[in-house]
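Subject: Structure for you to look at

Hi there,

Here is the structure I promised to pass on. Have a look at it first, and then read on for what I found.

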Amino acid sequence: MRKRILTALLAAAMMLSVGAGCYYEEQVPDDSSEPETTTSVQSKASTPSKASTTTTSAATTTSKPSTPSRPSSPTAAKFPYKLIKRPIVVTTSGGGSSSVIPPSTSMDIPGPSDPSSGGNPYEFFYDEYRDYKSVGDAIISATSRNMNRNNPTEGGFWRANGTNLADNLKDFGDTFNGTTLWPYGAYMEGVGARVSFESPNIYQSKGEYEKLLKNVTRFTDNRYNSSTSIGLACVQGGGPAQIFNDDNVWIALEWINAYKLLKSPEYLTLAKRNLNFIWESWDTEKAMNGGIWWMRPGTEGGEKPQKNACINAPYAWAAAEMYEVLKEGGQADESYLNHAKDAFNWVKDNLWDKNKDLIQDKWFFSDKGNYQLDGSLYAYNTGCMIGAGAKIYQMSGEADYHEAARKLADGSMKNFFSERMKIRASGEDAPEGAQGYYFASISPQGDANRCWFRSNLVKGIFELYNVEKAVDKQAEPKYARVALNAVAVGAVNAGRIDGFINPDFRNGDAPTLNNITPTSQGSAARMMYMCAEFLKNNRDFDRIPD
């Protein structure tokens with residue numbers, strides 16, 4: 001949906017640049033005897049923004065990349081990968097069939113599978129790909145190093161002082177204030193997924209995770225900070241600034257994850273305070289008979305009032321997660337489960353596309369003076385509803401939520417993934433005509449953001465499988481099979497450079513600098529670790545469909 005870069009050029013020698021995402025207002029003391037004045041400037045985002053049908057005018061500032069982008073071709077360095085090989089079947093004169101070579105386990109790819117081209121007489125498939133962790137490790141290793149300003153792709157996302165992430169790899173400077181909350185959270189999700197995979201023997205990425213968890217509180221808006229509630233602005237500095245409730249809920253989900261992994265009560269307390277803050281934006285009077293506002297009322301900064309799937313669906317998931325955690329600790333709070341149901345049902349009643357079984361984007365206040373539907377379809381909205389429906393079903397035992405999650409999973413299979421087909425027929429890294437599914441997103445987003453959207457769909461699909469297995473002792477495998485396959489295609493086929501991965505997932509070119517972002521690389525790593533953890537926890541999972 002959003003968001004624009006805002007640059008506040010302040011009096012005297014002070015300069016404050018803010019990252020992609022929001023409107024910022026700063027009270028600036030004047031050296032003269034005049035009273036304090038308010039200065040606010042908006043400028044165009046330098047990173048890809050979430051799609052939105054509602055935008056505000058902005059003064060545009062431009063900056064040249066500090067280094068030219070690398071050539072768009074795969075590098076010599078390859079990520080480790082293996083694909084399953086199956087013998088090509090030939091028809092015998094008697095009408096039967098026989099294998100050219102006996103079946104084999106997964107292997108390093110030797111070359112084209114077409115016997116006529118002189119290659120190995122096998123067909124290659126993505127079903128048994130299992131090197132997700134290796135790709136995730138390469139990404140996190142690259143992103144966690146300090147930034148090399150002369151050659152950004154040799155460094156990572158942290159600024160030199162270690163307190164914030166760079167907004168992207170094109171714009172640096174001592175006055176740069178760093179990324180906004182959404183990309184910051186996306187990178188934190190990627191590192192958190194690595195810690196989750198490593199658990200309980202956390203060693204490689206715990207420090208990076210704790211660093212992110214510590215510094216995310218720098219986004220706290222001082223207006224909304226009490227013992228029971230905490231609101232995070234889209235930029236650092238204490239506010240006042242725009243506050244996006246959806247950006248907050250991604251952090252709340254990660255705080256819950258951090259509590260589960262690190263067992264520190266402070267993260268559970270932060271998550272509770274943040275969910276309480278978000279719920280204060282639930283409204284039954286002004287529009288649509290319910291729903292959480294996308295932005296905290298009064299902090300819109302020019303954005304139109306709207307109620308979106310991207311806040312209500314993940315809030316339902318987070319609230320159900322909170323109920324589960326508190327219940328396991330002997331402190332069950334029914335209000336969280338009730339709020340989860342309310343948010344889920346509001347989305348179901350107001351944004352469900354009954355023709356495609358997908359979730360539409362939002363209701364927004366239009367220039368015509370009424371609320372209109374934006375029917376855009378994004379993978380993360382549907383993915384979060386799948387995960388929320390599954391978790392609410394697990395916590396409540398109410399089968400309607402399970403049925404809804406299944407329907408949305410079916411809709412996702414038809415719309416967000418391709419049918420099984422040959423991929424990269426002429427690619428250097430993939431074998432000729434390897435068979436697999438891939439992401440076929442219908443959302444009109446740039447690669448960096450679309451990669452993050454897909455990661456939430458994968459997360460929702462895995463949640464559905466895990467809940468079914470826990471509650472019903474058996475789970476439908478087809479959704480997880482396709483998700484694993486599509487991520488494998490990205491891991492094998494995507495171009496990579498210095499540990500970074502092309503967020504397009506089907507493009508063999510090396511990623512351009514503006515696609516090497518906390519959002520793209522964090523979500524790519526997140527998908528890799530989620531797949532690795534899924535297979536670790538489900539060792540008997542059959543990757544090959546019947």
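What percentage of the 546 residues of the protein chain count as buried? The answer is 58%. Please keep in mind that this is a predicted model.

First, the overall picture. The protein chain contains 12 helices and 18 strands. Among its contacts with a separation of 6 or more, 63% are between residues 24 or more positions apart. About 21,000 Å² of the chain is exposed, and carbon and sulfur atoms supply 46% of that area.

Now to the strands, starting with β13. This strand covers residues 358-365, and seven of its eight residues are buried, so β13 is largely enclosed by the rest of the structure. Its pairings are as follows:

- Strand β11 (residues 306-308) runs antiparallel to β13, and three bridges join the two. Within this pairing, Asn308 has Lys362 of β13 as its bridge partner.
- Strand β12 (residues 352-353) is also antiparallel to β13, with two bridges between them. Here Asp353 stands opposite Leu358 of β13. The two strands make a hairpin with four residues between them, and Asp357 in the turn has a positive phi of about 55 degrees.
- Strand β14 (residues 371-377) pairs with β13 over five bridges, again in the antiparallel sense. Phe364 of β13 faces Gln372 of β14. These strands form a hairpin as well, with five residues between them, and Gly369 takes a positive phi near 90 degrees.

Two helices are worth a look too. Helix α4 (residues 245-262) has 18 residues, and the distance from its first C-alpha to its last is 25 Å, close to the 26 Å expected at 1.5 Å a residue. Of those 18 residues, 15 are buried, so α4 is largely enclosed by the rest of the structure. Just after this helix, Lys263 has a positive phi of about 60 degrees.

Helix α1 (residues 132-143) gives a similar length check: its 12 residues should span 16 Å at 1.5 Å a residue, and the end C-alpha atoms are 17 Å apart, which agrees. The buried residues in α1 include Tyr132, Val135, Asp137, Ile139 and Ile140. What do the buried residues of α1 pack against? They pack against three helices and a strand: α2 (181-198), α11 (478-493), α12 (518-537) and β18 (500-501).

I hope this helps you find your way around. Do write back with any questions.

Best wishes

Methods:
Residues numbered from 1 in each chain as written. Predicted model: local features only at pLDDT ≥ 70, side-chain atom pairs only at ≥ 80, totals over all residues. Heavy atoms only, no water. Buried < 20%, exposed > 50% of the residue type's maximum accessible area, 1.4 Å probe, protein only. Pairing = 2+ DSSP bridges. Expected span 1.5 Å × (residues − 1). Contact = heavy atoms within 4.5 Å. Areas by Shrake-Rupley, 256 points an atom, 1.4 Å probe, with all protein chains shown as cover.
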